[in-house]
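Work through the three exercises below with the structure at hand. Each task is followed by a solution in steps.

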Amino acid sequence: SLKGVGYHFGDERIILRHGKIKDGKAVIGNRQYKYVILPNMKTISQSTYNFVKQFVEEGGKLCVVGKFPKYIDGSPISTDAIKGNVTLSKVIKANSPKIKNLTDAKLLYRSCSGDLGDFTFILNVDEEKTATLKLDRTYSVIDLINQEKYRVEGQITLQPQKSVLLKKERSVVVAHKLQNTIDVTNDFWLRSMSQNNLIVDFAQYSFGGKKWSESLYTAHLVDDLLRAKYKGKLYVKYLFNVKDKINNINLLTQNNDIEYVKLNGKKLRLKRTPYDVNFRVADICDSVVIGENELIFKVDFKQNDFVRYAIYGENVTPSLRNMMTYDTVIEPIFIQGAFNVSEDRVIERKSYPNAFDNLTENGYKFFSGEMTLCGVVESGEDGFELTLHGDFMSAQIIVNGLESATVMLDRTVKVTEGVVKGKNMVEIIVKSSMRNMYGPHHVKGMQEWWGVHPGMFTFMGEWINGVPDSFDGEYATVKFGIDKIEIRR
């Protein structure tokens with residue numbers, strides 16, 4: 001990888017299930033490999049031996065580093081060793097980036113290719129020397145910090161201990177002059193939204209289920225219990241309000257050591273989620289009532305002494321604190337489903353706003369998912385350029401039912417796949433981040449952050465004198481939406 005050669009490790013079980021040889025290439029699932037490197041190893045499985053043998057026989061390039069394995073499935077090999085047909089130096093030369101380092105500064109390369117393009121990451125690991133790089137073609141510099149993208153050619157310099165992310169660009173041939181930009185925002189409508197969220201991160205606790213504490217932020221609640229060195233049965237109550245009957249509504253929780261969960265006195269059945277082993281989900285449609293809803297967890301609360309030491313001990317290093325794991329987890333819960341959330345955090349009947357420029361302020365404050373916009377676009381046979389203005393993570397462009405383009409850092413894309421002369425049905429699937437769902441929500445005076453740390457969620461060690469000065473009980477979220485859609489054809 002120091003030479004910039006992208007690679008994947010091969011797992012013999014995955015190769016057995018998903019591997020095949022096609023046109024002289026090793027095909028694993030959806031990936032194809034022209035070169036295979038066999039490291040210095042003692043044993044190999046029979047299935048992998050057969051796979052590599054067929055790969056070489058059908059013209060694949062095999063590099064054997066060191067000696068061929070002496071054992072197959074742990075038994076001494078009784079067949080001929082497979083000989084490599086390409087050296088490691090030739091593999092590196094054929095696959096390394098064609099970017100020349102014109103200085104003797106030490107560089108680290110990483111390269112990868114995928115649906116979004118061919119990328120090369122270069123880090124100048126030298127502490128003193130500036131590197132000058134000669135580019136073999138046109139690249140785009142991807143500035144992840146400022147979310148910018150700009151083209152570069154010829155030579156670029158890289159200061160000591162600095163890095164650059166390059167995307168390989170295709171040569172652009174202008175077939176015709178594009179017309180003026182056309183604002184087509186009003187030609188699109190909001191067709192659908194994925195499920196919405198309401199976060200409930202304040203709760204009360206009780207030792208007997210009758211006398212309850214005041215409502216506390218969940219991290220504050222846990223802090224109280226840790227300082228009291230409490231161990232035993234604990235009741236935790238979350239409250240949320242519902243205005244309208246909702247037919248699709250669920251509870252999502254990552255609390256553990258649960259004896260039972262009751263919603264308005266009815267026990268819920270928690271199930272594993274398909275996307276995270278730490279979360280559980282329950283259908284609460286039949287238990288929700290109009291008005292205030294009372295959700296009570298009965299848990300067996302306990303924490304080991306190391307947790308208390310890591311949080312409250314003197315001279316505790318960050319590395320030691322990072323080793324800490326809670327025995328009992330009490331976290332915010334999420335109510336999910338087909339609904340809107342009002343400004344005062346009440347669940348209401350689902351509806352779509354007329355505009356889609358700021359979903360955060362129109363019923364989707366804690367949203368994490370995707371919205372689909374639809375519209376009709378006039379185009380010639382050569383397609384059109386499409387530009388999206390707004391606050392979002394990525395967008396998928398579908399034209400007449402075919403996937404056509406993906407919008408990410410570069411908010412302008414050329415749309416040709418699926419385009420016909422005349423009217424085209426265009427779908428734009430706009431995806432948000434998970435920021436508004438998971439937070440952080442309560443850092444006082446918080447603007448948008450490019451990085452987060454656990455303290456922004458837990459305010460660890462700051463609750464000793466009550467609510468920390470840095471804590472804000474209101475909810476900070478960021479804008480999600482499309483301000484303007486433009487085309488050029």
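**Exercise 1: an open sheet**

Task: give the strand order of the open sheet of three strands and name its edge strands.

Solution. The order is β9-β12-β15, with antiparallel pairing; strands here are DSSP runs of E with at least two residues, numbered from the N terminus, and two strands pair if DSSP finds at least two bridges between them. The edge strands are β9 (100–101) and β15 (155–158), as each pairs on one side only. Strand β12 (residues 131–134) is joined to β9 by two bridges. Asparagine 101 has leucine 133 in β12 as its bridge partner.

The model is predicted: local features need pLDDT of at least 70 and side-chain atom pairs pLDDT 80 or more, while totals for chains, interfaces and linings use all residues. Residues are numbered from 1 along each chain as its sequence is written, and side-chain values use heavy atoms, leaving out hydrogens and water.

**Exercise 2: serine 140**

Task: is serine 140 buried or exposed, and which side chain does serine 140 join in a polar contact?

Solution. Serine 140 lies in strand β13 (residues 139–143). Its relative accessible area is 1%, so serine 140 is buried (under 20%; exposed is over 50%, partly exposed in between; 1.4 Å probe, protein chains only). Its side chain and that of glutamate 169 are joined by a polar contact of 2.7 Å (N or O atoms within 3.5 Å, one able to donate a hydrogen and the other to accept it; residues adjacent in sequence count only if both atoms are side-chain atoms).

**Exercise 3: confidence**

Task: what is the mean pLDDT of the protein?

Solution. The mean pLDDT (the predictor's confidence in each residue, from 0 to 100) is 90.

Notes:
Helices (H or I, at least four residues) and strands (E, at least two) are DSSP runs, numbered from the N terminus.
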